[in-house]
Amino acid sequence: MREALELARQAEAAGEVPVGAVVVKDGVIIGRGFNAPISRHDPSAHAEMMALREAARHLGNYRLVGCELFVTLEPCVMCVGAMFHARIARVVFGARDPKTGACGSVVDLFAEQRLNHHTGVSGGVLAEECGLMLSNFFAMRRAQQRSGE
């Protein structure tokens, strides 16, 4: 999760919402990503998607069997869907997302028994640190908007 936090800092430095993610297989990071939808003009360029893409290239397979994904913010529906298709074994996230979280905050796709793949999920890892980074980012953005920047 510490590596995901570092990636979130890179997203923030680039003017993106500070979210970072890593994919791990057998204790080794094989995919890294941070939010880039603004700079890439790509609504699917979430940290998780970027990390999944890099991990798939690394393995030469879109199936990421036996891999874990660590992300600083609870994944959205799009990202959870990609994790299901990739066959991610476990997802670990930091802060909850009360607006778009798909791991229990708004919906819980991982709890849906009718889906054909089941992924383990753990939330709240370094939640305070992850959440503070996001809160500070949005507070700064609101202050900039008020001052007309």
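Let me start at Thr119. Leaving aside residues up to four places away in sequence, Thr119 touches Phe84, Ile88, Ala89, Arg90, Val91 and Phe110. This is a predicted model, so please keep that in mind throughout.

Where does Thr119 sit? It is found in the loop between E4 and strand E5, the latter covering 120–122. Is Thr119 buried or exposed? Buried: its relative accessible area is 7%.

Now the polar side of Thr119. A polar atom of the Thr119 side chain lies 2.9 Å from the backbone oxygen of Ile88. The side chains of Thr119 and His117 are also joined, by a polar contact of 3.2 Å.

Turn to Ile88. Again not counting residues up to four places away in sequence, Ile88 touches Leu52, Leu64, Cys67, Glu68, Leu69, Met83, His117 and Thr119. So Ile88 touches both Thr119 and His117, the two residues whose side chains share that 3.2 Å contact.

Ile88 brings us to the core. The largest nonpolar core has 41 residues. Which of them touch the most other members? They are Val23, Leu52, Leu64, Leu69, Met83, Ile88 and Phe110. Which elements supply at least two residues each? Four helices appear here: H1 at 2–13, H3 at 47–59, H4 at 77–86 and H5 at 127–147. Three strands join them: E1 at 20–25, E3 at 67–73 and E4 at 90–95. As a general point, nonpolar side chains in soluble globular proteins tend to be buried together.

Let me take one of those helices, H4. Its residues Cys79, Val80, Ala82, Met83, Phe84 and Ala86 are buried. What do the buried residues of H4 pack against? They pack against H3, E3 and E4. Two of the names should sound familiar. Phe84 is among the contacts of Thr119, and Met83 is among those of Ile88. After H4 comes Arg87, and its phi is positive, near 65°.

Next, charges. How many salt bridges does the structure hold? Seven. I will show three.

Number one: Glu129 with Arg2. The closest N and O atoms are 2.6 Å apart. This pair links distant parts of the chain: Glu129 is in helix H5, Arg2 is in helix H1, and their positions lie 127 residues apart. Glu129 is partly exposed at 30% relative accessibility. Arg2 is exposed, with a relative accessible area of 51%.

Number two: Arg32 with Glu3. Here the closest N and O atoms are 3.1 Å apart. Arg32 lies in strand E2, residues 28–34, and Glu3 lies in helix H1, so the pair ties together parts that are 29 residues apart in sequence. Both ends are partly exposed. Arg32 has a relative accessible area of 34%, and Glu3 has 29%.

Number three stays within H1. Glu6 and Arg9 meet through their side chains in a salt bridge, 3.5 Å from N to O. Why can they reach each other along the helix? They are three residues apart in helix H1, so about one helical turn separates them. The general rule is that an α-helix has 3.6 residues a turn, so residues three or four places apart point the same way. On accessibility, Glu6 is partly exposed at 36%, and Arg9 is partly exposed at 35%. Salt bridges with shared partners join Arg2, Glu6, Arg9 and Glu129 into one network.

Now the surface. Val77, Val106 and Val107 make a nonpolar surface patch of about 220 Å². Val106 is found in the loop between E4 and E5, the loop that also holds Thr119. How exposed is Val106? Its relative accessible area is 46%, so Val106 counts as partly exposed. Thr119, by contrast, is buried at 7%.

Last stop, Ile38. It lies in helix H2, residues 37–40. Ile38 is partly exposed, with a relative accessible area of 49%. What does it touch? Gly15, Glu16 and Arg141, again without residues up to four places away in sequence. Look at Ala14 too. Ile38 and Ala14 are 24 residues apart along the chain, and their C-alpha atoms are separated by 9.3 Å.

To recap: Thr119 is buried in its loop, its side chain has a polar atom 2.9 Å from the Ile88 backbone oxygen, and Ile88 is one of the core residues that touch the most other members. Thanks, I am happy to go back to any of these.

Key
Residues numbered from 1 in each chain as written. Predicted model: local features only at pLDDT ≥ 70, side-chain atom pairs only at ≥ 80, totals over all residues. Heavy atoms only, no water. Core = buried A, V, L, I, M, F, W, Y, C linked by side-chain atoms within 4.5 Å. Buried < 20%, exposed > 50% of the residue type's maximum accessible area, 1.4 Å probe, protein only. Contact = heavy atoms within 4.5 Å. Polar contact = N/O pair within 3.5 Å; in protein donor to acceptor, adjacent residues only side chain to side chain. Salt bridge = Lys/Arg side-chain N within 4 Å of Asp/Glu carboxyl O. Patch = residues over 30% accessible without salt bridge, like charges linked within 9 Å, V, L, I, M, F, W, Y side chains within 5 Å. Areas by Shrake-Rupley, 256 points an atom, 1.4 Å probe, with all protein chains shown as cover.
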